[in-house]
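Visitor: I am new to reading protein models, and I would like a close look at one part of this one. Could you take me there step by step?

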Amino acid sequence: MAETRGQIVVIDDDEGNRRGIEMALRKDGYNVVAFPSGPQAIEYLKGSGTDLLVTDLRMPGMDGLEVLKLAKSMDPGLAVLVITGFGSVESAVDAMKQGADDYLQKPVNLVELRKRVAAAVEKRRLSQEVRQLRERLEEKFSFGTIIGGSQAMQQVLHQLALVAPTRSSVLIVGESGTGKELIANALHQNSPRKEFRFLPINCAAIPGELLESELFGHERGAFTGAVQRKQGKFELADRGTLFLDEIGEMPMQLQAKLLRVLEDRSFMRVGGTETITVDVRILTATNSDIEARVSAGTFRSDLYYRLKVVTIVVPPLRDRREDIPLLAHRFFEMFKRENNRPFLQLSPEVIEALTQARWEGNVRELRNLLESLVVLADGNTRVITLEHLPENYRAPQALPAAPSAAPAGAARRMEEIEKDAILRTLQETGGTGPAPPRSSASVSGRCSANFGNTDRRRERPRGRETTGRRRTSETGPIPATLFLGRGADFLHKTPIWHARIFPAPRRAAAGGAAVCLPDLKSPGTSI
């Protein structure tokens, strides 16, 4: 059955007029239901999903105005077109006050009727689409869609519920990919400003010379290429919300102008002389340390404190691992629907691997990974297993440990630093293994004697090679040769020792990596 352009109900006690209107609208592709009286039509309108009601004003019993009132009470968005044979201005005005969208006079011009009906039905469809989009936005950006059972995310949600109804400025802080724009959108959609615009702008993505025009607009001829007046984001977001992402990248000259908008809610376009007043809520976000920028003098302190009336810190994904299974299932189900893969499942091993991953890209990285798993799964795949994961997600991933600081206490002597550095390097390159105590002491002693003492009586000749005395079993090789050389710092006239480790020539059965240690210029040098 062909899809109709819309459903229309026609009410007219004159059978000739009723049939003529019905036939004309059916030819245009509408589904038309006609009634001779108001009560019958009102009963049909209950839950029928009608797009347009066409009714005569003067009818016996229930007249057109009463039908109009009852129909609007059942469906305020219903489009209504009234037809009157008495063409008085008073009747038309009264019908329009009651909510009629348009009216026609009898005798009805069918060409004009078709135009009016098409416009009314299109208006009805557009209003329905707008309402549905708003409902989807409210659902998408409601606080209930922000997934987080962890204590950190529950605290964020609590802050959002308190701040959303206000007009206070909010600074959202978090790493890239944590969902700062989602938080900003949720604040807007749950505020009294949700009926107006939410405009995001990335301050880091637009060159500084263009950012001022984007924010505040410009007048014609303000600069080369300004061929006409342009409204800026502040004007367009009037009574709504403006989201400034990466606020830390805003140039200094624009920061003063932004501060004035925050304080006075007024500005002038680039090249303009007229002061424009706006009512805009400012939300900002950053993934950098704004306080460090303030200390460095690259961000105005007065603007910083004006923006951070309320600060919301979004935790990175690695700090709320209990939320990872919830997020993974939500994204997985979403991409299954989008790609028509309803039978795919995630194995428990995959969920465990995802929970242990590092997620340096945070929620955005998790989302992209799950989308790729769904898209790349072939038609025979029913369960996503570890084999489907990229290699770097299969094994538990530990964050790189920070280098341990030297224990507090007295300063270490140069020979101790040199000895530890040589032994550590030999171990890291595979040049040493389990060895008898005598061998280890021999190597240690040799390192200490030759590197830790600059006395020429104990100094080895320049460029001479020495091999640690440690030997393994008959099948084991002497793993490495230690080359000692001595240079000079001609500026400070101090000796500089160099150490290089090479595979033992002609005697090593297994080669090792060549490693060059840093120059050791003076006592206290750390390696």
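To get my bearings, how many helices and strands does the secondary structure of the chain come to? After that, please take me to strand E3 and tell me whether it is buried or exposed.

Guide: Happy to! Please keep in mind that this is a predicted model. The secondary structure of the chain comes to 18 helices and 18 strands. The chain has 527 residues, and 40% of them count as buried. Among contacts between residues at least 6 apart in sequence, 67% join residues that are at least 24 apart.

Now to your strand. E3 covers residues 52-56, and 5 of its 5 residues are buried, so this strand is largely enclosed by the rest of the structure. A general point helps here: in a regular strand, side chains alternate between the two faces of the sheet. In E3 both faces are covered. Leu52, Val54 and Asp56 are buried on one side, while Leu53 and Thr55 are buried on the other.

Next, look at the partners of E3. Strands of a sheet pair through backbone hydrogen bonds, either parallel or antiparallel. Strand E1 (residues 7-11) is joined to E3 by 4 bridges, and the two run parallel. Strand E4 (residues 79-84) also runs parallel to E3, with 5 bridges joining them. Leucine 53 is a handy residue to click on: it is the bridge partner of valine 9, and its own bridge partner in E4 is valine 80.

For comparison, let us visit another set of strands. Five strands form an open sheet in the order E7-E8-E11-E6-E12, with parallel pairing. Strand E7 (198-202) and strand E12 (310-313) stand at the edges with a single partner strand each, so one side of each has no neighbour in the sheet. On average, neighbouring strands of this sheet are turned by 20° against each other, direction ignored. E7 is joined to strand E8 (residues 241-245) by 5 bridges, and these two run parallel. Within that pair, leucine 199 has leucine 242 of E8 as its bridge partner. Helix H7 (residues 180-189) packs on the sheet, where it touches strand E6 (170-173), E7, E8 and strand E11 (281-286). The direction of H7 makes about 150° with that of E6.

Helices can pack on one another as well. Helix H13 (residues 324-338) and helix H14 (residues 348-356) pack at an angle of about 120°, with their axes 9 Å apart. H13 and H14 are therefore oblique to each other, and their crossing is right-handed. On the H13 side the contact is made by Ile324, Pro325, Ala328 and His329, and on the H14 side by Ile351, Leu354 and Thr355. Sorted by class, this contact has 5 nonpolar, 2 polar and no charged residues.

Before you go, here are some backbone details to find. Most residues other than glycine have a negative phi, and most peptide bonds are trans. The peptide bond from lysine 106 to proline 107 is cis, with omega near -5°. Proline 107 sits in the loop between strand E5 (102-105) and helix H5 (110-140). Arginine 265 has a positive phi, near 55°, and lies in the loop between helix H10 (252-264) and strand E9 (266-268). Asparagine 362 also has a positive phi, near 60°, and is found in helix H15 (residues 362-376). Arginine 265 is partly exposed, with a relative accessible area of 23%, whereas asparagine 362 counts as buried at 0% relative accessibility.

Key:
Residues are numbered from 1 along each chain as its sequence is written. This is a predicted model: local features need pLDDT of at least 70, side-chain atom pairs count only at pLDDT 80 or more; totals for chains, interfaces and linings use all residues. Side-chain values use heavy atoms; hydrogens and water are left out. Axes are lines fitted to C-alpha atoms, for helices over the stretch in contact, and angles run from 0 to 180 degrees between N-to-C directions. Angles under 35 degrees count as roughly parallel, over 145 as roughly antiparallel, 65 to 115 as roughly perpendicular and the rest as oblique. A crossing is left-handed if the near helix is turned anticlockwise from the far one by less than a right angle, and right-handed if clockwise. Contact means heavy atoms within 4.5 Å. Ala, Val, Leu, Ile, Met, Phe, Trp, Tyr, Cys and Pro count as nonpolar, Asp, Glu, Lys and Arg as charged, and the others, Gly among them, as polar. Buried means under 20% relative accessible area, exposed over 50%, partly exposed in between (1.4 Å probe, protein chains only). Two strands pair if DSSP finds at least two bridges between them.
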